[in-house]
Amino acid sequence: MDLAQEEPSGDGEMEELVRVSSASIPLVENHLQRTHFPGMVRQKAYIFDGLGNFYNKEWDLAEGGDREFCWYHVELPKGKQKLSQSAQYLIDVLCPPLKLQDILSLVSNGPFCGHVDGALVFRVNSPGPPSCNFTFRLAARVTENSVITVSLGRVPRLGFSPVGQSLLSEIPSIESPSYYSGEMKEGSGIVIREHVLEFLLTMNHSEEADNPVPKSVSNLVVHIIDTHVDHLQDVVTKLEMELDSVELELDRGGFALKKEMLDDRRFPKMHLNLQRILQVIAHGEQVFPRVKEKCSSKHWFASEDISSLEELIGRLRRLKENVGFLANRVTAIQAGLDSWQSEQINRKLYYLSFLSIIFLPLSVITGGNTLIL
């Protein structure tokens, strides 16, 4: 299902990688009825048999039975809609059976972890504008046999695709000048374009087809949090590569480049984006330990998955340290540019003072001659 508004171009390459049709997955039933906001959100529904197999299923929000469990995911558009509009989207696709308190617990801003109407609900929703690439929102409602998740925009590697559809398992080939856009393979390997390679180098994870299929709800919860941390890591990696490139440009550039960066306020904007990421990480540091604590008391939550949650919490803390280092680098670069700007201003003032020393006596002499005449 297509979004009414396109997501920012930062995920364009990933959209090119994920072209697996839902028809290639065994389909239990695919029946969708919505009347108020058709096409505004993406929806995915899976059923897992507990043995390592999964299928697409009807969007009925029913829970599984025996070893089976279901997962329903809603992807909100990264547009300029208000928070109340996002809540209306969720009401349209999740009610019934969910109640208003469930919707509010999933869509509200800020960190949260607690039980709502008997289900475990946690969220790490940052309050930034939805259209910003550095605004992250992920919420989940977990019961013994079902999971409902809501994300803002696409989360890489969150879904599942059939085995064997992964681009990473293909033999790559170099694109030649005679390559035509309509062809997918050249020689014995698949052609990987340069912009796709650049995107893959920023990824810290595999594709959807490489995801291990969860065999329990606890496996699924760990997978959801894992992909969220991976998503944050991808964004931080991209910012780090951008910062390295900018530092190289500054070393090679001259007056015009430095003035352009000062006029564009490039580093203050980058620093603001890093602060937004730090806020999301801080939310995760508050929420995920509480999720681990509450899940440890559930008889259906495996002990090895509790250990996996502890590892993810450690990853999040290390990621926070990395973002702090990047923020210090940005501050140092901005301080260097401010110092350079001060030097330029002082130099101009020196030249003006020198010129005034030369021309001021002439104006005095000229003024004296005028008085004598």
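**Close-ups of strand S7 and the nonpolar core**

**View 1. A hairpin links S6 and S7.** Just three residues make the hairpin that takes S6 (138–142) into S7 (146–152). The model is predicted: local features need pLDDT of at least 70, side-chain atom pairs count only at pLDDT 80 or more, and totals for chains, interfaces and linings use all residues. Residues are numbered from 1 along each chain as its sequence is written, and side-chain values use heavy atoms, with hydrogens and water left out. Strands (E, at least two residues) and helices (H or I, at least four) are DSSP runs, numbered from the N terminus.

**View 2. S7 and its partners.** Strands pair if DSSP finds at least two bridges between them. S6 and S7 are antiparallel, with five bridges, and Ala-140 is matched with Thr-149 of S7. S3 runs parallel to S7, with seven bridges; here Leu-76 sits opposite Leu-152.

**View 3. Both sides of S7 are buried.** Side chains in a regular strand alternate between the two faces of the sheet. Ser-146, Ile-148, Val-150 and Leu-152 point one way, Val-147, Thr-149 and Ser-151 the other, and all are buried (under 20% relative accessible area, 1.4 Å probe, protein chains only).

**View 4. Inside the largest nonpolar core.** Such a core is a set of buried Ala, Val, Leu, Ile, Met, Phe, Trp, Tyr and Cys residues joined through side-chain atoms within 4.5 Å. This one has 61 residues, and Trp-71 is among those touching the most other members. H5 (217–252) chips in the most, with 14 residues. Trp-71 touches (heavy atoms within 4.5 Å) residues including Val-147, Thr-149 and Leu-220.

Key:
Buried < 20%, exposed > 50% of the residue type's maximum accessible area, 1.4 Å probe, protein only. Lists of a residue's contacts leave out its neighbours within four places in sequence.
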